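Reader: I would like a close look at a single part of this model, taken slowly and residue by residue. Please keep to what can be read from the coordinates.

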Amino acid sequence: MKYAKDALDDYLHFLRVERQLASNTLTSYERDLKSYLQYLKEVEQLDSLRKVERVHILNHLRHLKETTKTPRTVARHISSIRSFHQFLIRERVVDNDPTVHLEMPQMEKKLPNILSIEEVDALMQAPAENKANGLRDRAMLELLYASGMRVSECINLNIEDVNLTMGFVKCYGKGGKERIIPLGKTALAACRTYLENARAELAKPETKTDSLFINQRGKRLTRQGFWKLLKQHAQKAGIQRELTPHTLRHSFATHLIENGADLRAVQEMLGHADISTTQIYTHVSKTRLKDVYSQFHPRA
């Protein structure tokens, strides 16, 4: 399609430089839009972005649904396509916006998977404290549960980002936005033990790094590496249900709200731009209240 690749490159550059989107988000936009442009060219046989009409986009979305894409995936594609066409309008590449009045698919709100207090305790006790990597894993798990950080934020921490004296961690969220999160005594103690007794053993002179959490090769721990460790420790802790890298983040927020924390404060610590994103944890709390009521009230 004429100039389509140039338009996509310009748009991705805009997202990277102007919007400062995270690399994972950029990858999703690029994948969605390459699929969309390929469909317009090969199926609709369009040779210009100026010829795109609403019906072509609807056909593409129908094609996605037929190829068993979930409503959430289709919604993400709609968001990618809509913002791309709005960019084309602003840059005067096209004259009309065919995405006007596109409707998002209805999505069932899934409540996040969380751990009970007992499961959190069991998970924290799972790493072996007589090994360097066990002390590292304990510190990482304690830090994640104490701060509600995303796993990607945690593995990108450097040593200087954790202030053991003042009791806080500094991390960088989506779009590089900095936030400061207070830490409790347990997480601070676990991080101090790891730094004083284990990190030097894992570090390698030839791969000098300021990364807080490092693997056996002395390099920064990866998201995949953490996911593997989490599954191992969950199994050792006797947690049968499936965990995700976000489970500790969800548990952090839910347990805070259940114990009376202010929703705005939780929003700030999670780094949510919109408080409506944080409000899902109030629904979780209400669901758990119903469970407790049903279990313990004599006339439930």
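**Helix 12 and its two sides**

Author: On the face of helix 12 that is turned away from its buried side sit the exposed residues Arg264 and Glu268. The model is a predicted one, and within it helix 12 runs over residues 263-270, with Leu263, Val266, Gln267, Met269 and Leu270 as its buried residues. These buried residues lie on the same side of helix 12, because they cover an arc of only 165° around the axis. The general background is that an α-helix has 3.6 residues a turn, so residues three or four places apart point the same way.

The two ends of the helix can be described as well. At the start of helix 12, Asp262 places a side-chain oxygen within 3.1 Å of the backbone nitrogen of Arg264, and Arg264 is itself one of the exposed residues on the face turned away from the buried side. At the other end, helix 12 is followed by Gly271, which has a positive phi, near 80°.

Taken from one end to the other, then, the description begins with the approach of the Asp262 side chain to the backbone of Arg264, continues through a buried side that includes Val266 and Met269 and an opposite face that carries Arg264 and Glu268, and closes with Gly271 and its positive phi.

Conventions:
Residues numbered from 1 in each chain as written. Predicted model: local features only at pLDDT ≥ 70, side-chain atom pairs only at ≥ 80, totals over all residues. Heavy atoms only, no water. Buried < 20%, exposed > 50% of the residue type's maximum accessible area, 1.4 Å probe, protein only. Helix = DSSP H or I, 4+ residues; strand = E, 2+ residues; numbered from the N terminus. Arc of directions from axis to C-beta. Polar contact = N/O pair within 3.5 Å; in protein donor to acceptor, adjacent residues only side chain to side chain.
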